[in-house]
Amino acid sequence: MKVNKNYANLKESYLFATIGKKVREYTAANPDKSVIRMGIGDVTRPLAPAVIGAMQKAVSEMGVAETFRGYGDDYGYDFLRTAISDYYNKKGAEISSAEVFVSDGAKSDVANILDIFASGNTVLVPDPVYPVYVDTNIMAGNKIVYASGNIENNFLPMPDENVQADIIYICSPNNPTGAVYSAEQLKKWVDYATAQNAVILYDSAYEAFICEDLPTSIFQIEGAKNCAIEFGSLSKSAGFTGTRCAYTIVPTELERDGMNLHKLWSRRQNTKYNQLPYIIQRGAEAALLPEGLAQSKTDIDYYMQNAKTISDAISELGIWFSGGKNAPYVWLKCPNNLKSWDFFDLLLEKANVVGTPGAGFGSQGEGFLRLSAFANHENTVLAMKRVKDILG
Ligand code: MLT
């Protein structure tokens, strides 16, 4: 027998698993320290009342023969697919409910989508970026080329006509840098993908945090429906990191290599995926209806207030940073030219604050660190006081 030897090319442990282990070891050795977690982007605000109400109603329905539901609809219940397409249509991205595939996470879909592409494609990945793109393409044995983000291009790399790519990942707002592409910049990516006959895999997991007049979906850009697939999530926008609900939008007209990608993804999901529970889908629907959206907006504002607390402290220290404006992450240059993991250790040991080392998001992230705005407000204020005390 043979195993997938591509796994040998991965780093031994997933970024957030490595951080979790280091923090557990530190807290076990220092039980008296109160560690503030601003590493993994995990939400802390409870679910919105509208979501809880809808889920409670759905629980009751499950206990009555007339309203009980067994296996869900293959791609998500119509009520949820319609709520998602309405959400898109309201922001000028024309999506039909048939193009929406409900799922348990953008992370899983971003990884699973590789099932519909042959192995051996050339994949263009921004650097730095969410590590799942790179890891899953290493597992699949694909060739990875990088589009380098840096201070000069505001961590928004643009296409290079001389680079050939079959699959292009775009994450906007970018995780980890918080940088957001403008409509003009995204149009250049759409034109490039079209010219290359490539497919853009567009991760919009943080779109709800965009406050400025910037695109929140690739489908707001002309021509995108012929070259892009989008991944969205309720994890950060509605506090669903534990509850789970995401979606993938595959346009019905998207074709490559003589095949229709919408049909391929439908076939893949039918075979390999069972839908989310009815209860969760009702909660997700409620999150996308006006009352739920208004309630989530309060939480988003709360996190963005944290982002401002972080940004203000970092600028007071005279440290370069990006993000924090249209994204719940602040991406900062490590002081004194420290390497990412050294600064991570310093923050953990001297300030008892957990960040995410930039090097974990790609080689271009070396020398940077990400702070998440998802902690509670009191802890964010305290963390920034501690950071100022050790760096000020
Ligand atoms: C992050 O911290 O980058 C995210 O929480 C990871 C994820 O969404 O899987």
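**Exercise 1.** Determine which side of helix H1 is exposed and which residues line its buried face.

Solution. Arg 24, Ala 28 and Ala 29 are exposed on the other side of H1, where exposed means over 50% relative accessible area and buried under 20%, with partly exposed in between (1.4 Å probe, protein chains only). The model is predicted: local features need pLDDT of at least 70, side-chain atom pairs count only at pLDDT 80 or more, and totals for chains, interfaces and linings use all residues. Residues are numbered from 1 along each chain as its sequence is written, and side-chain values use heavy atoms, without hydrogens and water.

Next, list the buried residues of H1: Leu 15, Phe 16, Ile 19, Val 23 and Tyr 26. Seen down the axis of H1, these buried residues fall within an arc of 90°, so they line one face of the helix; the arc is that of the directions from the helix axis to the C-beta atoms.

**Exercise 2.** Find the residues around the ligand and the polar contacts of its oxygen atoms.

Solution. Start with the surroundings, taking residues with a heavy atom within 4 Å: Phe 16, Ile 40, Gly 41, Tyr 130, Asn 175, Tyr 206, Lys 236, Tyr 329 and Arg 370. Then look for pairs of N or O atoms within 3.5 Å. An oxygen atom of the ligand lies 2.6 Å from a polar backbone atom of Gly 41. For side-chain N or O atoms, the distance from a ligand oxygen is 2.5 Å at Tyr 130 and 2.8 Å at Asn 175.

Terms used. Helices (H or I, at least four residues) and strands (E, at least two) are DSSP runs, numbered from the N terminus. A polar contact is a pair of N or O atoms within 3.5 Å; within protein, one must be able to donate a hydrogen and the other to accept it, and residues adjacent in sequence count only if both atoms are side-chain atoms.
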